[in-house]
Amino acid sequence: MRVQTEQGDRVESAGQKHFLETHAACHDKVYRYFRRRTEGAPAAEDLTADVFRIVWEKSRQGQELSELVVFGIARNVLRNHHRSAVRSINLTQQLERQRARGLGSDDGMVADALDRLKPEEREVLLLTYWDGFTSAEVSGLLDISATAVRMRLHRARKQLSNLIREDQATEDVQR
C-alpha cells in the first residue's frame with residue numbers, strides 16, 4: 001500500500017517494503033524447494049504462491065519475515081498439500097468402490113472381479129470404459145505413455161475375463 005505524504009510523494013508502507021524484500025530474497029529458493037518435493041512445476045508454482053500469500057498477510061501484521069520463517073511456512077504448506085493429496089486419493093478410491101458396488105445385482109460378479117485386479121489395471125479399465133477416455137487421454141491423466149495404457153488395458157481385460165470365468169465356474173459348481 002502506498003501512502004501519499006504532505007509533499008505529494010508516494011511512499012511504500014514499511015510492511016509492503018519488507019514483503020518485497022523477503023519475496024526477492026526467498027522466492028526462487030522456495031520454488032526450488034517445492035519443485036524437488038512435488039509432482040511438477042504447476043504444483044510448485046501454486047504452493048509458492050500460497051506461501052507468499054501467507055507471508056503477505058504476516059507482513060501486513062508487522063511480523064518477522066526472515067528466511068527461516070518463510071521456510072517454516074513452506075514446510076507447513078507442503079505438509080497440507082500432501083494431506084490433501086492423500087484425502088483426495090482416499091476419496092477417489094472410496095467413490096470407485098461405491099460405484100462398483102452400485103452396478104446392480106447382475107453386475108456384482110464384475111464388481112468383485114474389478115476389486116481383485118491390480119490397482120493400475122483397474123484404473124485404466126475404469127477410465128477407459130466407465131469414464132470414456134481415450135488411450136491418449138488416459139496417458140495424460142496417469143502420466144504414462146499411450147503404449148503403456150494400451151498394454152495395461154489389454155492385460156486388464158484379459159485378467160478381468162479370467163476372473164469372471166472363474167467366478168462363474170465356482171457359482172455353477174455351488175448350484
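**View 1. Confidence varies along this predicted model.** Let's start with where to trust the picture. Among the elements of the protein chain, strand β2 (residues 10-12) has the lowest mean pLDDT, 48, while helix α2 (residues 41-60) has the highest, 92. Over residues 7-11, pLDDT stays under 50, and the model has seven contacts beyond four places in sequence for this stretch. Where pLDDT is low, the predicted coordinates should not be read in detail. For the protein chain as a whole, the average pLDDT is 83, and 87% of the residues score at least 70.

**View 2. The protein chain holds seven helices and two strands.** Follow the chain from the N terminus and you will meet the elements in the order β-β-α-α-α-α-α-α-α. The chain has 175 residues, of which 27% count as buried. Its accessible surface comes to about 11,900 Å², and carbon and sulfur atoms make up 50% of that surface. Now look at the contacts with a separation of 6 or more: 55% of them join residues 24 or more positions apart.

**View 3. Helices α1 and α2 meet side by side in a list of contacts.** How do the two helices run relative to each other, parallel or antiparallel? The axes of α1 (residues 14-37) and α2 come within 9 Å and cross at roughly 155°. Angles over 145 degrees count as roughly antiparallel, so α1 and α2 are roughly antiparallel to each other. The crossing of α1 past α2 is right-handed. If you would like to find the meeting place yourself, look in α1 for residues including F19, H23, C26, V30 and F34. Their side of the contact is met by α2 residues, among them A44, L47, V51, V55 and W56.

**View 4. Helix α5 has seven buried residues to look for: E121, R122, V124, L125, L126, L127 and T128.** This helix covers residues 119-130. Keep going just past the end of α5 and you reach G132, which takes a positive phi of about 75°.

**View 5. D143 has a positive phi although it is not a glycine.** The phi of D143 is about 60°. Where does D143 lie? You will find this residue in the loop between α6 (135-142) and α7 (146-174). Is D143 buried or exposed? With a relative accessible area of 70%, D143 is exposed.

Note on methods:
Residues numbered from 1 in each chain as written. Predicted model: local features only at pLDDT ≥ 70, side-chain atom pairs only at ≥ 80, totals over all residues. Heavy atoms only, no water. Buried < 20%, exposed > 50% of the residue type's maximum accessible area, 1.4 Å probe, protein only. Helix = DSSP H or I, 4+ residues; strand = E, 2+ residues; numbered from the N terminus. pLDDT = per-residue confidence, 0-100. Contact = heavy atoms within 4.5 Å. Areas by Shrake-Rupley, 256 points an atom, 1.4 Å probe, with all protein chains shown as cover. Axes fitted to C-alpha atoms, helices over the stretch in contact; angles between N-to-C directions. Parallel < 35°, antiparallel > 145°, perpendicular 65-115°, else oblique. Left-handed = near helix turned anticlockwise from the far one by under 90°.
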